[in-house]
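Here are a few exercises to work through with the model open in your viewer. Try each task before you read its solution.

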Amino acid sequence: MQRYFTLGLCLLLVFAQANISLAHFGMVLPDRSMVMQGDNPDLDLILAFCHPFEQKGMPLARPKKFGAQTGKEKTDLLNTLQETKVLDNQAWKTKFTLKKPGIYAFYFDPQPYWEPAENKYIIHQTKAYVAAFGGEEGWDREVGLKAEIVPLTRPFGLYAGNVFQGVVKFKGKPVAGADVEVEYWNPEKKVAAPNDYFISQVVKTDKNGVFTFAPPQAGWWGFAALTTEKQAVMHPDGKKKDAEYGAVLWVQFTGWPGK
Ligand SMILES: [Cu+2]
């Protein structure tokens with residue numbers, strides 16, 4: 001029942017928005033992007049699938065992969081996930097205790113999500129960074145996801161209004177001319193868009209796969225760089241379907257502390 005309801009909701013959005021980009025986002029949201037000496041070292045993380053500005057949830061099945069990378073070390077965290085609800089939909093949560101200084105990249109690879117309205121699968125490989133205890137090395141290290149945004153701007157300690165740049169990679173190579181959809185995580189739907197064009201911001205990557213964006217307001221902003229792979233996933237109907245790969249990155253921006 002739940003599944004049909006969500007599906008209906010997504011279809012509704014498709015028709016309601018016509019050609020305006022329909023932005024689903026994988027999401028990994030730590031409760032903080034920076035943890036300092038003396039702070040509580042226990043992070044709470046949620047993993048979800050949603051339309052972040054509109055605060056509409058979609059179900060996220062148990063991911064295929066979920067882990068943390070710090071330095072060259074990868075830790076498999078899949079078994080730590082507990083099912084929860086985010087925006088009334090299936091989602092996942094976990095706790096992670098930071099033990100040493102460094103940059104932690106939290107990433108997941110979801111099961112392909114079938115979107116009948118678009119006759120394709122959606123696979124958003126999603127990432128967020130947490131900087132711990134003064135560590136600063138290695139924020140530009142790739143995790144090695146099939147679809148990945150590699151930051152060119154240090155992805156923490158950012159003010160609202162700072163320019164943010166990243167390289168979009170697919171199978172390890174920069175993607176020129178990719179659409180990057182950008183959305184604000186809009187807690188309690190406090191912000192209303194003047195019209196539907198404002199919901200998702202869109203920028204393109206240049207010939208080197210680089211995109212640039214400057215968020216106007218503090219909060220978490222999601223970047224979803226989209227690449228379609230033809231006939232990527234076998235559908236139960238026996239035909240291979242296209243997959244929209246999203247390289248998704250969530251970055252926290254903070255308001256300027258002065259007046
Ligand atoms: Cu959707």
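The exercises below go from the whole chain to single residues. This is a predicted model, where local features need pLDDT of at least 70, side-chain atom pairs count only at pLDDT 80 or more, and totals for chains, interfaces and linings use all residues. Residues are numbered from 1 along each chain as its sequence is written, and side-chain values use heavy atoms, with hydrogens and water left out.

**Exercise 1. The whole chain**

Describe the secondary structure of the chain, then decide how compact the chain is for its length.

Step 1: Assign helices (H or I, at least four residues) and strands (E, at least two) as DSSP runs, numbered from the N terminus. This gives one helix and 20 strands.

Step 2: Take the radius of gyration over C-alpha atoms and apply the globule rule, 2.2 Å times the number of residues to the power 0.38. For 259 residues the rule gives 18 Å and the chain has a radius of gyration of 18 Å, so the chain is as compact as a globular protein of that length.

Step 3: Look at burial, where buried means under 20% relative accessible area, exposed over 50%, and partly exposed in between (1.4 Å probe, protein chains only). Of the 259 residues, 51% count as buried.

Step 4: Turn to contacts, meaning heavy atoms within 4.5 Å. Among those between residues at least 6 apart in sequence, 67% join residues at least 24 apart.

**Exercise 2. Aromatic rings**

Classify the pair formed by Phe-49 and Tyr-113, and find out which parts of the chain it links.

Step 1: Recall that a pair of aromatic rings is described by the distance of the centres and the angle of the planes. Rings of Phe, Tyr and Trp (its six-membered ring) pair if their centres lie within 6.5 Å; planes under 30 degrees apart count as stacked, over 60 as edge-to-face and the rest as tilted. The structure holds 14 such pairs.

Step 2: For Phe-49 and Tyr-113, the centres are 5.0 Å apart and the planes stand at 65°, an edge-to-face pair.

Step 3: Place the two residues. Phe-49 sits in strand S3 (residues 42-51) and Tyr-113 in strand S10 (residues 113-115), so to speak distant parts of the chain, 64 residues apart. Phe-49 is buried at 5% relative accessibility, and Tyr-113 is buried too, at 16%.

Step 4: Compare with Trp-114 and Tyr-121, whose ring centres lie 4.9 Å apart with planes at 55°, so this pair is tilted. Here Trp-114 is partly exposed at 25% relative accessibility, while Tyr-121 is buried at 6%.

Step 5: Look for a cluster. Phe-164, Tyr-184, Phe-211, Phe-213, Trp-221, Phe-223 and Phe-253 form one aromatic cluster.

**Exercise 3. Positive phi in loops**

Locate Lys-171 and Glu-188, and say whether each is buried or exposed.

Step 1: Lys-171 is not a glycine, yet its phi is positive, about 50°. It lies in the loop between strand S14 (164-170) and strand S15 (173-174) and is exposed, with a relative accessible area of 51%.

Step 2: Glu-188, also a residue other than glycine, has a positive phi near 55°. Its loop runs between strand S16 (179-184) and strand S17 (201-204), and at 67% relative accessibility Glu-188 is exposed.

**Exercise 4. The surroundings of Asp-140**

Find where Asp-140 lies and which residues it contacts.

Step 1: Asp-140 is in the loop between strand S11 (120-132) and strand S12 (147-151), and counts as partly exposed at 47% relative accessibility.

Step 2: Leaving aside neighbours within four places in sequence, Asp-140 is in contact with Val-150 and Pro-151.
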